[in-house]
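Got the viewer open? Keep the sequence panel handy and follow along, one selection at a time.

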Amino acid sequence: MAEKRWIAETLFDDLGFRTSYAAERVLYETQTAHQHLVLFENAFFGKMLMLDGATQITGRDEYVYQEMMSHVPLFAHGRARDVLIIGGGDCGIAEEVLKHRSVKRLTQVEIDASVVDFAKEHFPEFTKPVFADKRFECVIDDGMKYVAETKRRFDVIIVDSTDPLGPGAVLFTPAFYAGCKRCLNKGGVLVTQNGVPFLQSAELKTSIAHFKALFADAVCYLAAVPTYVGGHMAMGFATDDRRLRRRSAKVIGERYRKAGRFATRYWTPDLHVGAFALPRFIAELVAGAGKRARR
Ligand code: SAM
């Protein structure tokens, strides 16, 4: 019997450790125009997608990240109609966003068409409902160029990017965040995939510093994603409306009830509020990052 292939996440090689997963089957592997893509089946985590040696999504824990990147900004905002996703090729976040009836238009800007094509074949649980929804449009473009040039304006921008390597690096720059600010309607909110602070503290600190130069309120909230190893996963949260992240669980619960209480497996109104309560080392990192813009 052929030796099982072990596929390693090489994202933290510079920190001197790797996480490896036994591949029961390799379903798809290719070098796209932008990145190395491998999809394989793991006995415990199910389907696993890695881009350039970094775990993106697994069948077993995808709901944690997808729900927290979607429902927190949408329920915090409370009346979002126009939503922009940068990246998000697997369409997992789009599927969550479209559960909100208040959303009238969802635009996804993904740089790598082959990730979307591949997701149509291997993640139909996301792509089928999403591409069948008239509110959804997918644009193949570099997110940096899109936010610098578009005439559209959005209530919520969700940056579901890869890590600050390869094509994703530009999505962690001050120019990109300034482009996002330019595209936001008054009182709009920007959320970003911002790594695991225990292992990627510089990434979070840099982003928060850029946010502070652009927005009145610049923080992060947290979730525990089992395959984003290293403890808490941080999601950047930036807006000029300081009230958004201070909504009570009662208010968020009322908005959830009005939204039809669609099924979730991780997000709840109480957890939404609790996710902004930061452990001291992350709170100090956020407080120490950059200077806040004068308002
Ligand atoms: N949840 C995952 C994570 O946290 O690592 C990210 C998932 S999603 C697959 C990331 C997507 O960002 C990929 O499909 C990648 O092609 C896309 N992406 C990377 N750089 C981009 C850019 N500059 N503009 C638009 N999309 C980009």
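Start with the aromatic rings: across the whole structure, a search turns up 19 aromatic pairs. Rings of Phe, Tyr and Trp (its six-membered ring) count as a pair if their centres lie within 6.5 Å, with planes under 30 degrees apart called stacked, over 60 edge-to-face and the rest tilted. Before you click, note that this is a predicted model, where local features need pLDDT of at least 70 and side-chain atom pairs count only at pLDDT 80 or more, while totals for chains, interfaces and linings use all residues. Residues are numbered from 1 along each chain as its sequence is written, and side-chain values use heavy atoms, with hydrogens and water left out.

**Stop 1: two edge-to-face pairs**

Select Y65 and Y228. Their rings are edge-to-face, 5.5 Å centre to centre with 75° between the planes. This pair links distant parts of the chain, 163 residues apart: Y65 is in helix 1 (residues 62-77), and Y228 is in the loop between strand 12 (217-223) and strand 13 (233-239). Helices (H or I, at least four residues) and strands (E, at least two) are DSSP runs, numbered from the N terminus. Are Y65 and Y228 buried or exposed? Y65 is buried, and Y228 is too. The cut-offs are under 20% relative accessible area for buried, over 50% for exposed, and partly exposed in between (1.4 Å probe, protein chains only).

Now pick F75 and Y256. The ring centres of F75 and Y256 are 5.9 Å apart and the planes stand at 80°, so this pair is edge-to-face. It also spans distant parts of the chain, with F75 in helix 1 and Y256 in helix 8 (residues 249-258), 181 residues apart. F75 is buried at 3% relative accessible area, and Y256 counts as buried at 8%.

**Stop 2: helix 1 against helix 8**

Keep those two rings displayed and show both helices. The axes of helix 1 and helix 8 come within 10 Å and cross at roughly 100°. Axes here are lines fitted to C-alpha atoms, for helices over the stretch in contact, and angles run from 0 to 180 degrees between N-to-C directions. That crossing makes helix 1 roughly perpendicular to helix 8; the bins are under 35 degrees for roughly parallel, over 145 for roughly antiparallel, 65 to 115 for roughly perpendicular, and oblique for the rest.

Which residues of helix 1 and helix 8 meet? Select F75, A76 and H77 on the helix 1 side, then I252, R255 and Y256 on the helix 8 side. Contact means heavy atoms within 4.5 Å. By class, this contact has 4 nonpolar, 1 polar and 1 charged residues. Ala, Val, Leu, Ile, Met, Phe, Trp, Tyr, Cys and Pro count as nonpolar, Asp, Glu, Lys and Arg as charged, and the others, Gly among them, as polar.

**Stop 3: helix 3 against helix 4**

Jump to helix 3 (residues 113-122) and helix 4 (residues 124-131), whose axes come within 6 Å and cross at roughly 105°. Helix 3 and helix 4 are therefore roughly perpendicular to each other. Light up V116, A119, K120, E121 and H122 of helix 3 with P124, E125, T127 and F131 of helix 4 to see the contact. By class, the contact of helix 3 with helix 4 has 4 nonpolar, 2 polar and 3 charged residues.

**Stop 4: a ring cluster and two lysines**

Select Y28, F118, F123 and F126, which form one aromatic cluster. Then add K47: its charged end sits over the ring of F123, 4.7 Å from the centre. To count as over a ring, NZ of Lys or CZ of Arg must be within 6 Å of the ring centre and within 35 degrees of the ring normal. For another example, go to K181, whose charged end sits over the ring of F215, 4.9 Å from its centre.

**Stop 5: positive phi**

Try D52, a residue other than glycine with a positive phi near 50°. D52 lies in the loop between strand 5 (46-51) and strand 6 (54-58) and is partly exposed at 33% relative accessible area. Next is R261, not a glycine either, with a positive phi of about 45°. R261 is in the loop between helix 8 and helix 9 (269-274), and is exposed at 56%.

**Last stop: E9**

Finish on E9, in strand 1 (residues 5-9). E9 is buried, with a relative accessible area of 4%. Leaving out residues up to four places away in sequence, E9 touches R18, T19, M50, G53, A54, T55, T227 and V229.
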